[in-house]
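Trainee: Hi, have you got a few minutes to go through this one with me? I'd like to ask things as they come up.
Mentor: Sure, let's bring it up.

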Amino acid sequence: FLSRAVPEFDSKGEVIQWIGSSIDINELKTLQSQKDTFLGIASHELKTPLTSIKIYAQVLERALKKAGDPKSATYAKKMDEQVNKLNSLIGDLLDVTKISAGKMQINEDMFDFKQLVDEVIEEQQLSCTHTIINNSEPVGMVFADRNRIAQVVTNLLSNAIKYSPGAEKVLVYTKVSSQGIQFCVQDFGIGMPEDKQHKVFDQYYRVSGDEQHTFPGLGLGLFIASQIIQRSGGKIWVRSVLGKGSTFCFSLPAIK
Ligand code: ADP
């Protein structure tokens with residue numbers, strides 16, 4: 001049982017009585033697991049129609065281009081981009097249910113780290129107006145889940161772009177350090193206060209402030225990223241100055 005007591009005060013501010021309540025923890029756990037099951041099923045069901053919409057949007061874009069209607073083709077492309085965003089949100093919800101149930105799969109293999117970073121940057125550059133400056137050094141091979149690490153790099157890079165709307169560039173670098181290989185993304189955006197920085201890797205946490213209404217999100221990306229990096233034997237951290245920008249980094253063990 002989880003018990004707590006709250007005081008009741010009289011008009012002079014004196015405590016007149018304490019009101020206690022107890023909650024059955026097993027009941028809470030059942031509710032939590034029901035919520036996770038629901039989220040898992042709902043996310044899965046939402047993915048299926050989205051896959052069809054994506055295919056139709058792409059076919060439509062090609063057909064409109066062929067028919068010489070570039071303006072409508074652009075709308076079809078925008079539809080496709082929005083479907084990608086929805087897919088990524090749903091993917092995050094699915095990941096959270098997997099993490100909660102201890103069922104997030106990690107399929108490790110050897111891969112060239114810089115090559116992965118170059119690929120993610122190339123893909124992100126297609127859909128953003130910032131210039132992504134790639135200062136990555138070749139750091140050799142790592143042993144981890146390539147798709148999952150690509151997910152982390154994509155998340156850090158898209159956050160850097162999302163939270164620096166007025167900036168022109170984002171810097172990316174990789175290097176070999178004493179901790180293994182290191183990856184960092186630096187932006188020149190809104191930054192965040194020092195006392196909030198350690199919380200950004202918590203589930204559903206978003207730094208509060210008026211600007212938050214401008215930036216869509218569920219507060220899950222960094223939580224998932226930190227789980228992936230921890231499971232891969234690495235570390236993830238942030239340095240940030242409010243109003244100046246942020247640098248998000250992670251390390252992974254190097255292959256000896
Ligand atoms: P989301 O972006 O969906 O809210 P994340 O888990 O990716 O979720 O990030 C959590 C919070 O951390 C964000 O809501 C934002 O407040 C803060 N944050 C993340 N990246 C940055 C960044 N590059 N600059 C400033 N704030 C950031």
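Trainee: How many residues sit between β6 and β7 in their hairpin?
Mentor: Two residues lie between β6 and β7 there. Before we go on, keep in mind that this is a predicted model.

Trainee: Noted. In which sense do β6 and β7 pair, parallel or antiparallel?
Mentor: Antiparallel, over eight bridges, with β7 covering residues 180-187. For a concrete pair to look at, find Tyr-173, whose bridge partner in β7 is Cys-184.

Trainee: And which way does β4 run against β6, parallel or antiparallel?
Mentor: Those two are parallel: β4 (residues 131-134) is joined to β6 (residues 169-177) by four bridges. One pair to pick out is Ile-133 with its bridge partner Leu-171 in β6.

Trainee: Let me zoom out. How many helices and strands does the chain have?
Mentor: Five helices and nine strands. Along the sequence they come in the order β-β-α-α-β-α-β-β-α-β-β-α-β-β.

Trainee: What box do the C-alpha atoms fill?
Mentor: Roughly 75 × 50 × 40 Å, taken along the principal axes. The accessible surface of the chain is about 15700 Å², and carbon and sulfur atoms account for 56% of that.

Trainee: What share of the residues is buried?
Mentor: 38% of the 256 residues. As for contacts between residues at least 6 apart in sequence, 65% of them link residues at least 24 apart.

Trainee: Switching to the ligand now. How many residues surround the ligand, and which are the closest?
Mentor: There are 21 around the ligand, and the closest are Asn-159, Tyr-163, Asp-187, Arg-206 and Leu-222. By type, the shell divides into 11 nonpolar, seven polar and three charged residues.

Trainee: What about polar contacts, say from Arg-206?
Mentor: A polar atom in the side chain of Arg-206 is 2.5 Å from a ligand oxygen. The side chain of Asn-159 also has an N or O atom 2.8 Å from an oxygen of the ligand. With Gly-219 the backbone is involved: one of its polar backbone atoms is 3.2 Å from a ligand oxygen.

Trainee: How much of the ligand does the protein bury?
Mentor: 97% of the 530 Å² that the ligand exposes when taken alone.

Trainee: Which elements give two or more residues to that shell?
Mentor: α4 (146-162), α5 (221-231) and β9 (245-252) do. The most come from α4, which gives three residues.

Trainee: One more topic, Asn-87. Where does Asn-87 lie?
Mentor: In helix α2, which spans residues 70-100.

Trainee: Why does Asn-87 count as buried?
Mentor: Because its relative accessible area is 18%, and the cut-off for buried is under 20%.

Trainee: What is Asn-87 in contact with, beyond its neighbours within four places in sequence?
Mentor: Lys-47, Leu-50 and Lys-54. If you measure from Asn-87 to Ala-167, they are 27 Å apart from C-alpha to C-alpha, with 80 residues of separation in sequence.

Trainee: And Asp-80, is that buried or exposed?
Mentor: Buried, because its relative accessibility is 11%. Asp-80 is placed in helix α2 too.

Trainee: What does Asp-80 touch, not counting residues up to four places away in sequence?
Mentor: Lys-54, Ala-57 and Gln-58. You've already come across Lys-54, as a contact of Asn-87.

Terms used:
Residues numbered from 1 in each chain as written. Predicted model: local features only at pLDDT ≥ 70, side-chain atom pairs only at ≥ 80, totals over all residues. Heavy atoms only, no water. Near = heavy atom within 4 Å. Polar contact = N/O pair within 3.5 Å; in protein donor to acceptor, adjacent residues only side chain to side chain. Areas by Shrake-Rupley, 256 points an atom, 1.4 Å probe, with all protein chains shown as cover. Nonpolar A, V, L, I, M, F, W, Y, C, P; charged D, E, K, R; others polar. Pairing = 2+ DSSP bridges. Buried < 20%, exposed > 50% of the residue type's maximum accessible area, 1.4 Å probe, protein only. Contact = heavy atoms within 4.5 Å.
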